Amino acid sequence: MTTIEAPRSRQRRARSRTNTELYAWLFMRVSGILLVVLVLGHLFIMNILDGGVQRINFGFVAGRWASPFWQVWDLLMLWLAMIHGSNGLRTIINDYTRRDASRFWLKMLLYTATGLTIALGTLVIFTFDPNIS
Amino acid sequence: MSTGTEPRTSTARGGGGITKLAGTLYRGREGMWSWVMHRITGVLTFFFLFAHVLDTALVRVSPSSYDTVIASYKNPVVNLLELGLVGAVLFHALNGLRIIAVDFWSRGARLQRQMLWTIVAVWVVVMVPGAYFMLKHTVETLFGS
């Protein structure tokens with residue numbers, strides 16, 4: 001049976017030289033509060049307001065992204081949600097992988113997928129053309 | 001953060017073995033299960049997010065390809081899945097606020113169980129009308145107006 005130390009038990013543990021984990025911990029809380037507003041607002045507008053998902057089409061998106069307000073909203077939501085989710089999955093990978101190699105490669109896959117998705121989403125928001133063919 | 005007053009009520013409640021673990025914040029009972037649910041809902045939402053960025057990216061391809069993929073969201077089965085996603089995101093959001101309260105509020109750790117049942121109640125109160133509005137169109141088209 002695996003024994004789990006009591007939280008905050010006094011024990012000698014290897015100290016990291018950086019505060020990265022502290023910043024990651026803090027980021028989860030700060031971005032979490034912002035995402036509560038951004039994501040729940042997004043879900044309410046898209047799924048409930050005014051007929052919900054039934055009214056969504058290309059024209060609807062074009063109308064929204066004509067306003068810098070919704071562009072900034074979506075851009076902020078994209079970056080914060082992707083980084084928040086990626087850090088959450090990083091924690092899960094650290095918890096459940098047993099071999100160092102699988103931990104390393106799963107995280108590489110995670111960071112690659114996250115980076116590509118953020119880049120794609122950002123590109124789409126900034127280069128959107130309402131008059132495309 | 002650490003207040004040095006983490007609840008250890010269950011040891012006072014007696015009993016040995018496993019029950020000794022229950023009542024600490026993240027071992028057994030509500031504290032642990034909310035942690036499990038937080039992980040599951042978080043992973044679900046994150047995986048959906050990849051798909052969602054990709055489908056939205058079709059606005060950069062052509063209006064018709066975007067409209068085609070968005071039509072799948074209007075399908076009754078996907079509509080139901082979408083309701084499940086909204087439920088998962090709402091739980092994750094409310095429980096996330098509870099975690100922040102546990103970490104930063106001096107009474108947070110002591111009241112974590114009450115806060116969990118509070119957010120469960122809020123979840124139900126929001127999801128009932130939410131489900132009504134999200135499924136309205138689907139129900140009307142499937143079973144006549």
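Here follow questions and answers on a predicted model with chains A and B.

Visitor: How are residues, chains and ligands labelled, and what pLDDT do local features need?
Guide: Residues are numbered from 1 along each chain as its sequence is written, while chains are lettered from A and ligands numbered from 1 in the order in which they are written. This is a predicted model: totals for chains, interfaces and linings use all residues, side-chain atom pairs count only at pLDDT 80 or more, and local features need pLDDT of at least 70.

Visitor: How many helices does chain A have, and how many does chain B have?
Guide: Helices (H or I, at least four residues) and strands (E, at least two) are DSSP runs, numbered from the N terminus. Chain A runs α-α-α-α, and chain B runs α-α-α-α-α. Both have zero strands. The helix counts are four in chain A and five in chain B.

Visitor: What radius of gyration does chain A have, against that of a compact globule?
Guide: The radius is taken over C-alpha atoms, and the globule rule is 2.2 Å times the number of residues to the power 0.38. For 133 residues, a compact globule would come near 14 Å. The C-alpha trace of chain A spans about 60 × 30 × 30 Å along its principal axes. Its radius of gyration is 20 Å.

Visitor: What percentage of each chain is buried?
Guide: A residue is buried if 20 or more other C-beta atoms lie within 10 Å of its own, exposed if 12 or fewer, and partly exposed in between; C-beta atoms are placed from the backbone. Chain A has 133 residues, and chain B has 145. The buried part is 16% in chain A and 21% in chain B.

Visitor: How many residues does each chain give to the contact between A and B?
Guide: Two residues are in contact if their C-beta atoms, placed from the backbone, lie within 7 Å. The contact takes 33 residues from chain A and 32 residues from chain B.

Visitor: On the side of chain A that touches chain B, how many residues are nonpolar, polar and charged?
Guide: Elements giving two or more residues to this side are α1 (20-47), α2 (58-65), α3 (68-96) and α4 (100-127) of chain A. Ala, Val, Leu, Ile, Met, Phe, Trp, Tyr, Cys and Pro count as nonpolar, Asp, Glu, Lys and Arg as charged, and the others, Gly among them, as polar. The residues divide into 20 nonpolar, 11 polar and two charged.

Visitor: Which element gives the largest share of the largest nonpolar core?
Guide: A nonpolar core is a set of buried Ala, Val, Leu, Ile, Met, Phe, Trp, Tyr and Cys residues joined through C-beta atoms within 7 Å. The largest has 16 residues, and those with the most contacts inside it are A:V39, A:A81, B:V86, B:V89, B:L90 and B:A93. Two or more residues come from each of α1 and α3 of chain A, and α2 (29-56) and α4 (76-104) of chain B. The largest share, six residues, comes from α4(B).

Visitor: Which residues does B:V86 touch, leaving out those up to four places away in sequence?
Guide: B:V86 is among the residues with the most contacts inside the largest core. With that sequence limit, B:V86 touches A:L43, A:N47, B:G130 and B:M134.

Visitor: What span should α4(A) have, and how far apart are its end C-alpha atoms?
Guide: The expected span of a helix is 1.5 Å times one less than its number of residues. α4(A) has 28 residues, so it should span 40 Å. The end C-alpha atoms agree, at 40 Å apart.

Visitor: Which elements do the buried residues of α4(A) pack against?
Guide: Buried in α4(A) are A:T114, A:T117, A:G121 and A:V124. They pack against α3 of chain A and α2 of chain B.

Visitor: Is A:F104 buried or exposed?
Guide: A:F104 lies in helix α4 of chain A. Because it has 12 C-beta neighbours inside 10 Å, A:F104 counts as exposed.

Visitor: Which chain A residues does B:R60 touch?
Guide: B:R60 is in the loop between α2 and α3 (63-73) of chain B. It has 16 other C-beta atoms within 10 Å, so B:R60 is partly exposed. Not counting residues up to four places away in sequence, B:R60 touches A:V124, A:T127 and A:F128.

Visitor: What phi does A:D50 have?
Guide: A:D50 lies in the loop between α1 and α2 of chain A. A:D50 is exposed, with 9 other C-beta atoms within 10 Å. Although A:D50 is not a glycine, its phi is positive, about 60°.
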